[in-house]
Amino acid sequence: METQRTADAHPTDPATNVRSGKPRKATAVIAAAGVLAAGAIGVGAWSNAANADASPDPHEATMQALVDAGYPGVLASVTDSEGRTSNLALGQGDIATGDAPPVDGEVRIGSNTKMFVSTVVLQLADEGQVALDEPIDTYLPGLITGDGVDGTKISVRQLLQHTAGLPEYADKIAADAFGAQETYISPRAMLDVAFERPAAFAPGERWGYSNTNYLVLGLMIEAVTKRALATQIDERIVAPLGLEHTYLPAPGERQLRGEHPRGYHAETAGDLRDISELDPAFGWAAGALVSTPSELNTFMRALLDGRLLSEAALAEMQTTVPAGDELTPGAAYGLGLQRYPLSCGGVAWGHGGDIPGTQTRNAIGPDGTAVTIGVTALPWAVVSPDDNERLLAQYRMVINALDETLCGQ
(Lines give C-alpha, C1' and ligand atoms only; values in the text may rest on other atoms or scores of the structure.)
Protein backbone atom coordinates (compact mmCIF):
# COMPACT_ATOMS: atom_id res chain seq x y z
CA MET A 1 0.00 0.00 0.00
CA GLU A 2 1.18 3.47 0.36
CA THR A 3 0.54 6.68 2.09
CA GLN A 4 -0.73 9.67 0.21
CA ARG A 5 2.57 11.53 0.15
CA THR A 6 4.49 8.91 -1.79
CA ALA A 7 1.47 7.88 -3.69
CA ASP A 8 1.13 11.32 -5.13
CA ALA A 9 4.12 10.40 -7.22
CA HIS A 10 3.83 6.68 -7.60
CA PRO A 11 1.16 4.50 -5.99
CA THR A 12 2.38 1.78 -3.76
CA ASP A 13 0.66 0.71 -0.62
CA PRO A 14 -0.49 1.42 2.90
CA ALA A 15 1.98 -0.60 4.78
CA THR A 16 4.52 0.43 2.43
CA ASN A 17 4.86 4.10 2.75
CA VAL A 18 5.54 3.96 6.41
CA ARG A 19 8.83 4.28 8.18
CA SER A 20 9.34 2.26 11.30
CA GLY A 21 8.64 4.52 14.24
CA LYS A 22 9.69 7.75 12.53
CA PRO A 23 7.65 10.75 11.46
CA ARG A 24 7.04 11.09 7.76
CA LYS A 25 8.09 14.11 5.81
CA ALA A 26 5.55 15.87 3.64
CA THR A 27 7.78 15.56 0.61
CA ALA A 28 8.38 12.46 -1.44
CA VAL A 29 9.99 9.30 -0.32
CA ILE A 30 13.29 7.56 -0.21
CA ALA A 31 16.66 7.36 -1.74
CA ALA A 32 19.94 6.10 -2.85
CA ALA A 33 22.38 3.33 -2.83
CA GLY A 34 22.55 2.03 0.69
CA VAL A 35 25.38 0.14 2.31
CA LEU A 36 24.51 -3.30 3.62
CA ALA A 37 26.66 -4.76 6.31
CA ALA A 38 26.22 -8.25 4.93
CA GLY A 39 27.16 -7.20 1.43
CA ALA A 40 24.80 -7.30 -1.47
CA ILE A 41 26.24 -9.49 -4.17
CA GLY A 42 25.19 -13.09 -4.17
CA VAL A 43 24.42 -15.85 -6.61
CA GLY A 44 21.94 -14.98 -9.32
CA ALA A 45 20.16 -16.87 -12.04
CA TRP A 46 17.90 -16.34 -15.01
CA SER A 47 15.54 -19.12 -15.94
CA ASN A 48 13.71 -19.33 -19.23
CA ALA A 49 10.43 -21.18 -19.43
CA ALA A 50 11.39 -22.61 -22.81
CA ASN A 51 15.05 -23.32 -22.14
CA ALA A 52 16.48 -23.76 -18.68
CA ASP A 53 20.00 -23.47 -20.13
CA ALA A 54 19.34 -20.17 -21.89
CA SER A 55 22.17 -17.65 -21.79
CA PRO A 56 21.91 -14.73 -19.33
CA ASP A 57 19.27 -12.17 -20.19
CA PRO A 58 20.58 -8.82 -21.44
CA HIS A 59 18.68 -7.07 -18.63
CA GLU A 60 20.70 -8.80 -15.92
CA ALA A 61 23.04 -5.82 -15.61
CA THR A 62 20.05 -3.54 -15.01
CA MET A 63 18.88 -5.72 -12.14
CA GLN A 64 22.38 -6.19 -10.74
CA ALA A 65 22.62 -2.40 -10.41
CA LEU A 66 19.75 -2.57 -7.91
CA VAL A 67 21.66 -5.10 -5.82
CA ASP A 68 24.78 -2.94 -6.05
CA ALA A 69 22.68 -0.01 -4.80
CA GLY A 70 21.93 -1.81 -1.56
CA TYR A 71 18.77 -3.83 -2.06
CA PRO A 72 19.38 -7.27 -0.53
CA GLY A 73 17.71 -9.25 -3.28
CA VAL A 74 16.03 -8.67 -6.63
CA LEU A 75 13.43 -10.84 -8.31
CA ALA A 76 12.25 -9.99 -11.81
CA SER A 77 10.14 -11.48 -14.53
CA VAL A 78 9.82 -10.50 -18.20
CA THR A 79 6.96 -11.93 -20.25
CA ASP A 80 7.26 -10.95 -23.91
CA SER A 81 4.47 -10.28 -26.38
CA GLU A 82 4.41 -13.97 -27.34
CA GLY A 83 3.95 -15.07 -23.74
CA ARG A 84 7.51 -16.33 -23.24
CA THR A 85 8.74 -15.70 -19.71
CA SER A 86 12.21 -15.25 -18.24
CA ASN A 87 12.64 -15.03 -14.46
CA LEU A 88 15.54 -13.54 -12.56
CA ALA A 89 16.89 -13.82 -9.02
CA LEU A 90 19.96 -11.85 -7.93
CA GLY A 91 21.56 -10.82 -4.67
CA GLN A 92 20.77 -12.48 -1.38
CA GLY A 93 17.51 -14.12 -0.48
CA ASP A 94 18.70 -14.47 3.09
CA ILE A 95 21.45 -12.16 4.34
CA ALA A 96 22.13 -14.46 7.30
CA THR A 97 23.08 -17.38 5.06
CA GLY A 98 23.98 -15.60 1.82
CA ASP A 99 21.64 -17.89 -0.11
CA ALA A 100 20.32 -16.54 -3.40
CA PRO A 101 16.66 -15.56 -3.69
CA PRO A 102 14.41 -18.23 -5.16
CA VAL A 103 13.65 -17.63 -8.81
CA ASP A 104 10.07 -16.33 -9.13
CA GLY A 105 9.49 -16.64 -5.39
CA GLU A 106 6.44 -15.33 -3.59
CA VAL A 107 6.51 -11.68 -2.51
CA ARG A 108 4.04 -9.32 -0.90
CA ILE A 109 2.87 -7.07 -3.74
CA GLY A 110 1.48 -4.15 -1.73
CA SER A 111 -0.70 -1.72 -3.66
CA ASN A 112 -0.76 -3.93 -6.74
CA THR A 113 -3.65 -5.38 -4.74
CA LYS A 114 -5.62 -2.36 -5.94
CA MET A 115 -5.55 -3.62 -9.54
CA PHE A 116 -7.19 -6.87 -8.40
CA VAL A 117 -9.81 -5.11 -6.27
CA SER A 118 -10.62 -2.68 -9.08
CA THR A 119 -10.97 -5.61 -11.48
CA VAL A 120 -13.53 -7.25 -9.19
CA VAL A 121 -15.47 -3.96 -8.87
CA LEU A 122 -15.52 -3.52 -12.65
CA GLN A 123 -16.66 -7.12 -13.10
CA LEU A 124 -19.53 -6.36 -10.73
CA ALA A 125 -20.28 -3.30 -12.85
CA ASP A 126 -20.29 -5.50 -15.96
CA GLU A 127 -22.80 -7.75 -14.19
CA GLY A 128 -25.03 -4.84 -13.21
CA GLN A 129 -24.45 -5.32 -9.49
CA VAL A 130 -22.57 -2.03 -9.08
CA ALA A 131 -22.83 1.30 -10.90
CA LEU A 132 -19.62 3.34 -11.07
CA ASP A 133 -21.33 6.70 -10.65
CA GLU A 134 -23.65 5.58 -7.87
CA PRO A 135 -22.88 6.95 -4.37
CA ILE A 136 -21.02 4.53 -2.15
CA ASP A 137 -23.81 5.04 0.41
CA THR A 138 -26.03 2.96 -1.89
CA TYR A 139 -23.93 -0.10 -1.09
CA LEU A 140 -22.68 0.78 2.41
CA PRO A 141 -25.59 2.82 3.80
CA GLY A 142 -24.63 5.15 6.62
CA LEU A 143 -21.06 3.79 6.92
CA ILE A 144 -18.98 6.38 5.05
CA THR A 145 -19.40 9.44 7.22
CA GLY A 146 -17.14 11.79 9.13
CA ASP A 147 -15.80 15.34 9.24
CA GLY A 148 -16.35 16.51 5.67
CA VAL A 149 -17.01 12.91 4.59
CA ASP A 150 -20.45 12.08 3.16
CA GLY A 151 -20.99 8.74 1.45
CA THR A 152 -24.02 10.10 -0.40
CA LYS A 153 -21.70 12.44 -2.31
CA ILE A 154 -18.83 10.04 -3.08
CA SER A 155 -19.13 7.76 -6.10
CA VAL A 156 -17.66 4.31 -6.62
CA ARG A 157 -15.66 5.77 -9.52
CA GLN A 158 -14.10 8.43 -7.28
CA LEU A 159 -12.99 5.76 -4.82
CA LEU A 160 -11.43 3.71 -7.61
CA GLN A 161 -9.62 6.75 -9.02
CA HIS A 162 -8.50 8.36 -5.74
CA THR A 163 -10.57 11.49 -6.28
CA ALA A 164 -12.90 10.86 -3.32
CA GLY A 165 -10.96 12.93 -0.77
CA LEU A 166 -11.07 10.29 1.96
CA PRO A 167 -8.46 10.71 4.72
CA GLU A 168 -5.59 8.21 4.96
CA TYR A 169 -5.55 5.48 7.61
CA ALA A 170 -2.38 3.52 6.87
CA ASP A 171 0.22 5.96 8.14
CA LYS A 172 -1.37 5.87 11.60
CA ILE A 173 -1.90 2.11 11.82
CA ALA A 174 1.42 1.01 10.34
CA ALA A 175 3.64 3.96 11.28
CA ASP A 176 5.75 1.49 13.28
CA ALA A 177 6.23 -1.42 10.90
CA PHE A 178 7.79 -3.72 13.48
CA GLY A 179 5.10 -2.82 15.99
CA ALA A 180 2.44 -3.77 13.44
CA GLN A 181 4.24 -6.94 12.40
CA GLU A 182 2.17 -9.27 14.59
CA THR A 183 -0.95 -7.16 14.98
CA TYR A 184 -4.30 -7.96 13.42
CA ILE A 185 -6.75 -5.14 12.84
CA SER A 186 -10.10 -5.52 11.14
CA PRO A 187 -11.09 -3.51 8.06
CA ARG A 188 -13.94 -1.90 9.99
CA ALA A 189 -11.57 -0.78 12.76
CA MET A 190 -9.21 0.71 10.18
CA LEU A 191 -12.09 2.70 8.74
CA ASP A 192 -12.74 4.15 12.20
CA VAL A 193 -9.08 5.23 12.36
CA ALA A 194 -9.35 6.94 8.98
CA PHE A 195 -12.46 8.89 9.94
CA GLU A 196 -10.80 10.31 13.03
CA ARG A 197 -9.40 12.75 10.46
CA PRO A 198 -11.31 15.21 8.29
CA ALA A 199 -11.72 14.76 4.56
CA ALA A 200 -8.62 15.66 2.56
CA PHE A 201 -10.68 17.52 -0.05
CA ALA A 202 -14.18 17.60 -1.54
CA PRO A 203 -15.14 14.63 -3.75
CA GLY A 204 -14.00 15.16 -7.33
CA GLU A 205 -11.97 18.26 -6.51
CA ARG A 206 -8.63 16.68 -7.38
CA TRP A 207 -6.56 13.49 -7.28
CA GLY A 208 -5.02 12.40 -3.99
CA TYR A 209 -3.92 8.83 -3.28
CA SER A 210 -5.51 7.32 -0.18
CA ASN A 211 -5.48 3.67 0.80
CA THR A 212 -8.78 4.26 2.58
CA ASN A 213 -10.51 4.35 -0.81
CA TYR A 214 -9.70 0.70 -1.40
CA LEU A 215 -10.50 -0.28 2.16
CA VAL A 216 -14.02 1.02 1.44
CA LEU A 217 -14.14 -0.77 -1.93
CA GLY A 218 -13.21 -4.06 -0.25
CA LEU A 219 -16.09 -3.61 2.20
CA MET A 220 -18.40 -2.78 -0.71
CA ILE A 221 -17.43 -5.95 -2.59
CA GLU A 222 -18.23 -8.04 0.46
CA ALA A 223 -21.54 -6.24 1.05
CA VAL A 224 -22.68 -6.64 -2.56
CA THR A 225 -21.58 -10.25 -3.09
CA LYS A 226 -22.16 -11.51 0.45
CA ARG A 227 -18.81 -13.24 0.13
CA ALA A 228 -15.34 -12.59 1.51
CA LEU A 229 -13.01 -10.41 -0.53
CA ALA A 230 -10.41 -13.20 -0.67
CA THR A 231 -13.03 -15.54 -2.14
CA GLN A 232 -14.04 -13.02 -4.79
CA ILE A 233 -10.43 -12.44 -5.87
CA ASP A 234 -9.79 -16.17 -5.98
CA GLU A 235 -12.94 -17.15 -7.89
CA ARG A 236 -12.95 -14.24 -10.33
CA ILE A 237 -9.23 -13.84 -11.07
CA VAL A 238 -6.87 -16.35 -9.50
CA ALA A 239 -8.64 -19.61 -10.44
CA PRO A 240 -9.59 -18.62 -14.02
CA LEU A 241 -5.98 -17.58 -14.73
CA GLY A 242 -4.48 -20.65 -13.05
CA LEU A 243 -2.41 -18.61 -10.61
CA GLU A 244 -0.93 -20.92 -7.99
CA HIS A 245 0.88 -18.43 -5.77
CA THR A 246 -1.45 -15.45 -5.75
CA TYR A 247 -3.67 -15.03 -2.69
CA LEU A 248 -5.00 -12.69 -0.04
CA PRO A 249 -3.65 -13.99 3.28
CA ALA A 250 -6.24 -15.23 5.74
CA PRO A 251 -6.78 -13.27 8.97
CA GLY A 252 -3.76 -13.79 11.18
CA GLU A 253 -1.72 -15.52 8.44
CA ARG A 254 1.83 -14.25 8.87
CA GLN A 255 3.98 -16.68 6.88
CA LEU A 256 4.15 -16.80 3.11
CA ARG A 257 2.86 -20.11 1.82
CA GLY A 258 5.42 -20.83 -0.88
CA GLU A 259 9.13 -20.46 -1.49
CA HIS A 260 10.17 -16.84 -0.98
CA PRO A 261 13.09 -14.54 -0.28
CA ARG A 262 13.40 -12.94 3.12
CA GLY A 263 12.08 -9.38 3.25
CA TYR A 264 13.91 -6.71 5.26
CA HIS A 265 13.06 -3.47 7.00
CA ALA A 266 14.98 -1.14 9.31
CA GLU A 267 14.47 1.37 12.10
CA THR A 268 17.84 2.85 11.18
CA ALA A 269 18.76 2.86 7.50
CA GLY A 270 21.05 -0.04 6.65
CA ASP A 271 20.37 -1.92 9.90
CA LEU A 272 18.24 -4.51 8.18
CA ARG A 273 15.95 -6.82 10.14
CA ASP A 274 13.92 -9.71 8.80
CA ILE A 275 10.25 -8.78 8.49
CA SER A 276 9.22 -11.70 6.27
CA GLU A 277 6.70 -12.99 8.80
CA LEU A 278 4.16 -10.21 8.88
CA ASP A 279 0.46 -9.87 9.54
CA PRO A 280 -0.61 -7.80 6.52
CA ALA A 281 -4.05 -7.02 7.92
CA PHE A 282 -3.29 -3.29 7.80
CA GLY A 283 -3.06 -3.62 4.01
CA TRP A 284 -6.14 -5.75 3.28
CA ALA A 285 -7.93 -4.54 0.12
CA ALA A 286 -5.39 -1.77 -0.35
CA GLY A 287 -2.21 -3.83 -0.21
CA ALA A 288 -2.11 -7.31 1.35
CA LEU A 289 -1.94 -9.63 -1.67
CA VAL A 290 0.89 -12.09 -2.25
CA SER A 291 2.01 -13.17 -5.73
CA THR A 292 5.13 -13.94 -7.76
CA PRO A 293 6.67 -11.71 -10.45
CA SER A 294 5.59 -14.02 -13.27
CA GLU A 295 2.05 -14.42 -11.96
CA LEU A 296 1.71 -10.66 -11.64
CA ASN A 297 2.73 -10.45 -15.31
CA THR A 298 0.11 -13.06 -16.17
CA PHE A 299 -2.57 -11.07 -14.38
CA MET A 300 -1.63 -7.76 -16.02
CA ARG A 301 -1.57 -9.33 -19.50
CA ALA A 302 -5.00 -10.90 -18.94
CA LEU A 303 -6.37 -7.62 -17.66
CA LEU A 304 -5.08 -5.54 -20.55
CA ASP A 305 -6.01 -8.01 -23.29
CA GLY A 306 -9.64 -8.18 -22.19
CA ARG A 307 -9.81 -11.63 -20.64
CA LEU A 308 -11.08 -10.29 -17.30
CA LEU A 309 -13.24 -7.30 -18.28
CA SER A 310 -15.54 -6.21 -21.06
CA GLU A 311 -14.20 -3.74 -23.59
CA ALA A 312 -16.33 -1.00 -22.03
CA ALA A 313 -15.13 -1.74 -18.49
CA LEU A 314 -11.49 -1.79 -19.56
CA ALA A 315 -11.99 1.58 -21.27
CA GLU A 316 -13.36 2.96 -18.00
CA MET A 317 -10.36 1.55 -16.15
CA GLN A 318 -7.99 3.31 -18.56
CA THR A 319 -9.72 6.69 -18.32
CA THR A 320 -7.21 8.70 -16.31
CA VAL A 321 -6.59 11.87 -14.36
CA PRO A 322 -3.14 13.44 -13.75
CA ALA A 323 -1.40 11.73 -10.84
CA GLY A 324 1.54 13.91 -9.86
CA ASP A 325 5.02 14.23 -11.30
CA GLU A 326 7.36 13.94 -8.33
CA LEU A 327 8.66 10.52 -9.27
CA THR A 328 7.21 9.92 -12.71
CA PRO A 329 6.49 13.05 -14.76
CA GLY A 330 3.37 12.60 -16.84
CA ALA A 331 1.95 9.75 -14.75
CA ALA A 332 -1.83 9.40 -14.77
CA TYR A 333 -4.24 7.26 -12.75
CA GLY A 334 -7.29 5.40 -13.99
CA LEU A 335 -9.52 3.07 -11.99
CA GLY A 336 -6.93 1.12 -10.03
CA LEU A 337 -4.51 1.27 -12.93
CA GLN A 338 -1.70 3.74 -13.58
CA ARG A 339 -0.32 4.98 -16.90
CA TYR A 340 3.39 5.77 -17.25
CA PRO A 341 5.12 7.49 -20.17
CA LEU A 342 8.11 5.49 -21.39
CA SER A 343 11.47 7.04 -22.22
CA CYS A 344 11.40 5.30 -25.60
CA GLY A 345 7.95 6.61 -26.47
CA GLY A 346 4.46 5.37 -25.83
CA VAL A 347 3.03 4.45 -22.45
CA ALA A 348 2.96 1.51 -20.08
CA TRP A 349 0.13 0.41 -17.81
CA GLY A 350 0.55 -1.07 -14.36
CA HIS A 351 0.66 -0.02 -10.73
CA GLY A 352 3.37 -0.85 -8.19
CA GLY A 353 3.35 -1.64 -4.51
CA ASP A 354 5.33 -1.12 -1.32
CA ILE A 355 5.00 -2.91 1.97
CA PRO A 356 7.69 -3.36 4.64
CA GLY A 357 10.07 -5.95 3.22
CA THR A 358 9.19 -5.57 -0.46
CA GLN A 359 8.92 -2.98 -3.19
CA THR A 360 7.44 -4.03 -6.55
CA ARG A 361 7.27 -2.07 -9.79
CA ASN A 362 5.46 -3.51 -12.76
CA ALA A 363 3.81 -2.59 -16.05
CA ILE A 364 2.98 -3.66 -19.60
CA GLY A 365 4.52 -1.86 -22.56
CA PRO A 366 2.91 -1.00 -25.91
CA ASP A 367 3.85 -4.34 -27.51
CA GLY A 368 2.31 -6.39 -24.71
CA THR A 369 5.57 -7.16 -22.89
CA ALA A 370 5.01 -7.32 -19.13
CA VAL A 371 7.74 -6.70 -16.56
CA THR A 372 7.69 -7.04 -12.78
CA ILE A 373 10.63 -6.14 -10.56
CA GLY A 374 10.65 -6.83 -6.84
CA VAL A 375 13.33 -5.79 -4.37
CA THR A 376 13.39 -7.13 -0.84
CA ALA A 377 13.49 -3.88 1.11
CA LEU A 378 11.95 -0.44 0.86
CA PRO A 379 14.23 2.46 -0.04
CA TRP A 380 14.15 4.03 3.41
CA ALA A 381 15.35 0.77 4.93
CA VAL A 382 18.48 1.06 2.78
CA VAL A 383 19.23 4.80 2.89
CA SER A 384 18.38 7.60 5.27
CA PRO A 385 14.74 8.68 5.06
CA ASP A 386 15.84 12.16 6.09
CA ASP A 387 17.72 12.74 2.86
CA ASN A 388 14.91 13.40 0.39
CA GLU A 389 17.20 13.71 -2.61
CA ARG A 390 18.78 10.31 -2.06
CA LEU A 391 15.43 8.84 -1.13
CA LEU A 392 13.87 9.92 -4.41
CA ALA A 393 16.90 8.68 -6.30
CA GLN A 394 16.57 5.26 -4.69
CA TYR A 395 12.89 5.11 -5.60
CA ARG A 396 13.53 6.20 -9.17
CA MET A 397 16.18 3.51 -9.52
CA VAL A 398 13.59 0.73 -9.56
CA ILE A 399 11.18 2.74 -11.72
CA ASN A 400 14.02 3.43 -14.17
CA ALA A 401 14.92 -0.27 -14.25
CA LEU A 402 11.32 -1.02 -15.21
CA ASP A 403 11.43 1.61 -17.97
CA GLU A 404 14.80 0.37 -19.26
CA THR A 405 13.57 -3.21 -19.39
CA LEU A 406 10.35 -2.35 -21.21
CA CYS A 407 12.18 -0.11 -23.65
CA GLY A 408 14.79 -2.76 -24.35
CA GLN A 409 12.23 -5.25 -25.69
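Helix α13 gives the most to the lining of the second largest pocket: six residues. This is a predicted model. The helix covers residues 388-407. Two other elements, β12 and β15 (358-364), also supply at least two residues each to that lining.

The second largest pocket has a volume of about 200 Å³. Its lining counts 16 residues. Nearest the centre lie Thr328, Pro341, Ile399, Asn400 and Asp403. By class, the lining holds 10 nonpolar, three polar and three charged residues.

**The disulfide**

Helix α13 also takes part in a covalent link. Which cysteines form the disulfide? They are Cys344 and Cys407, with sulfur atoms 2.1 Å apart. The structure holds one disulfide. Cys344 sits in the loop between β12 (338-341) and β13 (347-350), and Cys407 sits in helix α13, so the bond ties together parts that are 63 residues apart in sequence.

The torsion about the S-S bond is about -80°, so the disulfide is left-handed. Are its two ends buried or partly exposed? Cys344 has a relative accessibility of 49% and counts as partly exposed. Cys407, at 23%, is partly exposed too. The cut-offs explain both calls, because buried means under 20% and exposed means over 50%.

**A buried alanine in β15**

Strand β15 contains Ala363. Its relative accessible area is 1%, so Ala363 is buried. What does Ala363 touch beyond its neighbours within four places in sequence? Its contacts include Met300, Tyr340, Ala348, Trp349 and Gly350. Thr369, Ala370 and Val371 are also among them. So are Leu402 and Leu406.

Leu406 is 43 residues away from Ala363 in sequence. In space, their C-alpha atoms are 8.3 Å apart.

**The largest pocket and the largest cavity**

The largest pocket has about 240 Å³ of space. It is lined by 18 residues, and the closest to its centre are Leu248, Pro249, Ala250, Pro251 and Trp284. Helices α7 (212-225) and α8 (229-241) each supply at least two lining residues. The lining has 15 nonpolar residues, one polar and two charged.

Trp284 deserves a second look. This residue belongs to helix α9 (residues 284-287). Its phi is near 35°, a positive value in a residue other than glycine. At 13% relative accessible area, Trp284 is buried.

There are also closed spaces. How many cavities of 30 Å³ or more does the structure hold? It holds two. The largest cavity contains about 90 Å³ of space. Of its 14 lining residues, Leu256, Pro261, Gly263, Gly357 and Thr358 are the closest to the centre. That lining divides into five nonpolar, six polar and three charged residues.

The table sets out these spaces.

| Space | Volume | Lining residues by class |
|---|---|---|
| Largest pocket | about 240 Å³ | 15 nonpolar, one polar, two charged |
| Second largest pocket | about 200 Å³ | 10 nonpolar, three polar, three charged |
| Largest cavity | about 90 Å³ | five nonpolar, six polar, three charged |

**Two residues in loops**

Asp104 lies in the loop between β3 (85-91) and β4 (107-108). Asp104 is not a glycine, yet its phi is positive, about 55°.

Glu205 is placed in the loop between α6 (187-194) and α7. Is Glu205 buried or exposed? With 54% relative accessibility, Glu205 counts as exposed. Ala164 is 41 residues from Glu205 in sequence. Their C-alpha atoms are 8.1 Å apart in space.

**The chain as a whole**

The chain has 409 residues, and 61% of them are buried. It contains 13 helices and 16 strands. What share of contacts between residues at least 6 apart in sequence joins residues at least 24 apart? The share is 72%. The pair Ala363 and Leu406, in contact, is 43 residues apart in sequence.

The exposed area of the chain is about 13,900 Å². Carbon and sulfur atoms supply 49% of that area.

How values were computed: Residues are numbered from 1 along each chain as its sequence is written. This is a predicted model: local features need pLDDT of at least 70, side-chain atom pairs count only at pLDDT 80 or more; totals for chains, interfaces and linings use all residues. Side-chain values use heavy atoms; hydrogens and water are left out. Helices (H or I, at least four residues) and strands (E, at least two) are DSSP runs, numbered from the N terminus. Buried means under 20% relative accessible area, exposed over 50%, partly exposed in between (1.4 Å probe, protein chains only). Contact means heavy atoms within 4.5 Å. Accessible areas come from the Shrake-Rupley method with a 1.4 Å probe; for residues, only the protein chains shown count as cover. A disulfide is a pair of cysteine sulfur atoms within 2.5 Å. On a 1 Å grid over the protein atoms alone, a cavity is a set of points where a 1.4 Å probe fits but cannot get out, and a pocket is an open set with protein on both sides within 12 Å along at least five of seven lines; lining residues have an atom within 4 Å of a point. Grid points are joined across faces, edges and corners, and a volume is the space filled by probe spheres set on the points. Ala, Val, Leu, Ile, Met, Phe, Trp, Tyr, Cys and Pro count as nonpolar, Asp, Glu, Lys and Arg as charged, and the others, Gly among them, as polar.
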